Structure formats: C-alpha cells, structure tokens
Amino acid sequence: MFRHMTREIRFLAKDRGALFWLLLAFTLSVIAVSFGVTEVREQRETIAALIKEDASDRANALKGQEEWGSAAYYAFHFTYAPPSDFAFAAMGQRDSSPWKHRIRMLALEGQIHEADTRNANFGLVGRFDFAFLIASVAPLLLILLLYDLRAAERTSRRHDLLVATAGYSLAIWFPRAFVRIAALTILLLLPLWSAALIEGTSLTITLQASGIAMAALLIWWIIVEWVNRIDASPSILLTSLIGLWLALAIIVPAISKAVIETNNPVPDGGEILLLQRETVNGAWDLPKDATMKPFIAQHPELRDYAKIDGPWAWKWYYAFQQVGDQKVAPLAQQYRKARLERDRQADLAAFLSPTSFAERAFEKLAGTDTRAMIVYEDAVRGFHSELRAFYYPLMFPEAQYNPALLNNLPNYVPPS
C-alpha cells in the first residue's frame, strides 16, 4: 500500500489541473480564515471600546441627577455577547442577529427588537467563512479532483488493462483518490489550525472542527465514488455530480427552510416593537389606575406605594414601561419558542444535506447559532430585571436620592 501511495503522490505532483484545484483550496481557506479572524478582532475591539465608553457615559449622565427616576432614565448600560475563540470559523447568526445593545430602564422588548433588522441584506447573502467553505465550496473542489479518475482511463481505453495489471481495482483507485483527498483536507485545515493557535481555541474544539471537516469530505467522497462507478464519459459524470451538489447543497436546504418556516410562523420583531410602543404611548391618556393595577399584579410587594396623587410621578412612568413589556410578553415568548422550534427542526432536516449539517455543526462549536443568540437575549432580560430590582425599592417609596447607592448598580455579565 505504501508503494501505491508513493506512486500516486508522484502522479499528483505532475497533474497541473489537480495542483491548481489544491492551490485554490488553500487560497480560499486562507481568505476565509483571515476574514473571520479580522471580523472577530474588530468585534472584540468594538466591545472593549464600548465598555470603556459605557462607564464614562453613565458617570456623566448620573452626575447632577437628583431623583432616582431621572437617574434611571438617563443612564445607559452596555450589553453584549462576546465572540468565542472559535467564532472566526463560523460567524453564523452574528451576521444577522444583534450581539450588542445599549439599554435603559425603559420597556425592554422594544429595545431588544429595535435592531431586529440589522444588516438584513448582508445576512441574506451570508459571509464567506470557513464553515461555508467546508460545507459548500470544498465538495465542489473534491468533485473536480475525483470525477474523472475512472472515466478518463475508460476514455483512453486503459481502464481494463490497469485493473488487470494491478490485480484488483481497489489497488488503483483507492490510493489515487486517498492521496488527493488527503492533500485537499490538509490544505483546507492548515489555515484553520494556524488561526486556532493564534486565537487560543481549545484543542478539543479544534479537533472536533477538524473531524467535522473530514467527515463532510468523506461523505462527498462516498457520493463521488458511487457516481464514478457508472460507465459514462467524464462530462456526463461531472454534470451528474454538480447536479447532486446543487440538490444537496441548495435545493434540499431551501425546501427544508421553506417547510419549517411555514409550519412554524414567527412573529416579526417589528410587531413586538410596535405593540409595545402603542401600549406605552397609550398609557399617557389612560387613568393611572389602569397602569398601576397590572403593574402591582406583578409586584405585590409595592402595593403600598402604588397610589399616584399628582399628574406625574416617576414610579407611574416606569410602571407603564413595564406594563408595555407585560403586554407583549406572550408575543415575545411565542417569538422565542418558534425560533427554538425552527432551530430544532432545522437540526433534523440537516441530516438530509451534508452541507447544512456541516455548517450547523460549525456554528454550534463556534457559539454563533440561534440558541447562542437567544441565550444572549435572555442575559439582557435578566440584567434588565436586576436593574428594576435595584431601582424599584428606591423609586416607589420615594426614598431620598443618594448618589453613593449608585455604586451598587448591577453589572452586566455576558453569557459564557
């Protein structure tokens, strides 16, 4: 077997067409990984800069305040989902879903969904990252490297002679295909391994990612091998393999996505934002009891402070902000559940497409999938609840304003 492998390596070194595709694979891998590393570093720099500016901005906003309500109103808090040390390989939902917000004590759901349409056009096109390269481009390169191994020999009428000389077919085609696939795999993974080392990616995740890439290429090798057994010309085989790639990489995922979205309708983020704004804006014209009753139902511990004597009170203002959240809570929960259900069904549908399976596997490893974005949204909601828990016991009893207590403001902790 070693002799066969050595022979095929020599043949590969003389095949200019194969060398071109291998060089292209390495170049594309370098480009994909470089784009990913650059984007992740920009996001980290943005987060670091905004964390610093956030503290300074909040200190300036709180300076000179004399009421708890105004302090809560003018103080912004920066929340974010930091990219993982493997996010460079698969940007996933970070291209289409917000990963940072500046929030205040106002109604929260509207603040979360204000950025729901961020970068919509770019999210539709997608990013050329390593996950896309392995899932969609690498199979095409593999097809171009392997589609005519047998067919070219049949066309030149050397096939039967080669098989007879070797004694059995496996001794010819397996080493030839293995050497090409091994070269393709190594050239694709070398930039990934280098970037993982630079970014401090754990060895476990790097090995898992390498295994996913190898498994994806193995599946396509099996597909190509199955098609190559057909006695047909190289052009027919290439057309057939491209057709299979189109079916498995584009058509099946597109149909699956359409079916999943039809069966699991998701409320638009704009609907949540609009309903909340209508609720909040409409509260100005309602009797104050219409706001305080549903608020006290959620906060019975504040019942003794719910009476509003004058035309204005900060606690009434924040009460109808929270009632706005309560009003849209069923819609927001439906939005969350439907996205999770879509994601669960997409996991199952991915078994029909090697492309979808590989890409989704990379996104899970990178922490850039739908679930990771929902975890971030939940972290923002949790932090906003902490802000309310800090301000309400001071604001509703109308405690004397004490700026020193603001040192106890909760700090946002990003999801790990």
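Begin by selecting Glu398, which lies in the segment after helix 16 (370–395). The model on display is a predicted one. At this position the backbone shows a positive phi of about 55°, although Glu398 is not a glycine. Most residues other than glycine have a negative phi. The relative accessibility of Glu398 is 56%, so the residue counts as exposed, the threshold being over 50%.

**The whole chain**

Next, zoom out and display the entire protein chain as a cartoon. Its secondary structure consists of 16 helices and two strands. The radius of gyration is 29 Å, well over the 22 Å that the globule rule gives for 416 residues, so the chain is more spread out than a compact globule. Along the principal axes, the C-alpha atoms fill a box of roughly 100 × 40 × 30 Å.

With a surface display switched on, the accessible surface of the protein chain amounts to about 20,900 Å², and carbon and sulfur atoms contribute 61% of that area. Of the 416 residues, 48% count as buried. Among contacts with a separation of 6 or more, 81% are between residues 24 or more positions apart. Colouring by charge will bring up 41 positive and 42 negative side chains, and the centres of these two sets lie 7 Å apart.

**The two strands**

Now select residues 77–80, which form strand 1. Which residues cover the two sides of this strand's selection, and are they buried or exposed? His77 and Thr79 lie on one side, Phe78 and Tyr80 on the other, and all four are buried. Add residues 100–103, strand 2, to the selection: the two strands run antiparallel and are joined by four bridges. Within this pairing, Phe78 stands opposite Arg102 of strand 2.

**Helix 4 and His113**

Move on to helix 4 (residues 108–113) and select His113. With a relative accessible area of 3%, His113 is buried, since the limit is under 20%. Show the side chains around His113: leaving aside neighbours within four places in sequence, it is in contact with Gly269, Ile272, Leu273, Tyr335 and Arg381.

**Helix 9 and Pro175**

Select Pro175 in helix 9 (residues 170–199). Its relative accessibility is 0%, and Pro175 therefore counts as buried. A distance drawn from Pro175 to Arg7, C-alpha to C-alpha, gives 8.7 Å, although 168 residues separate the two in sequence.

**Helices 10 and 11**

Continue to helix 10 (residues 203–228), where Ala215 is found. At 36% relative accessibility, Ala215 counts as partly exposed. Pro354 is 139 residues away from Ala215 in sequence, yet their C-alpha atoms are 9.3 Å apart in space.

Pro354 also leads to the next stop, for it is among the residues touched by Leu248. Select Leu248 in helix 11 (residues 234–263). Leu248 is buried, with a relative accessible area of 18%. Which residues does Leu248 touch, not counting those up to four places away in sequence? They are Trp220, Ile223, Pro253, Leu352, Ser353, Pro354 and Thr355.

For the final view, keep Leu248 selected and add Leu406. These two residues are 158 positions apart in sequence, and the C-alpha to C-alpha distance between Leu248 and Leu406 is 57 Å.

Methods: Residues are numbered from 1 along each chain as its sequence is written. This is a predicted model: local features need pLDDT of at least 70, side-chain atom pairs count only at pLDDT 80 or more; totals for chains, interfaces and linings use all residues. Side-chain values use heavy atoms; hydrogens and water are left out. The radius of gyration is taken over C-alpha atoms; the globule rule is 2.2 Å times the number of residues to the power 0.38. Buried means under 20% relative accessible area, exposed over 50%, partly exposed in between (1.4 Å probe, protein chains only). Contact means heavy atoms within 4.5 Å. Accessible areas come from the Shrake-Rupley method with a 1.4 Å probe; for residues, only the protein chains shown count as cover. Lys and Arg count as positive and Asp and Glu as negative; His and the chain ends are not counted. The place of a charge is taken as NZ of Lys, CZ of Arg, CG of Asp or CD of Glu. Two strands pair if DSSP finds at least two bridges between them.
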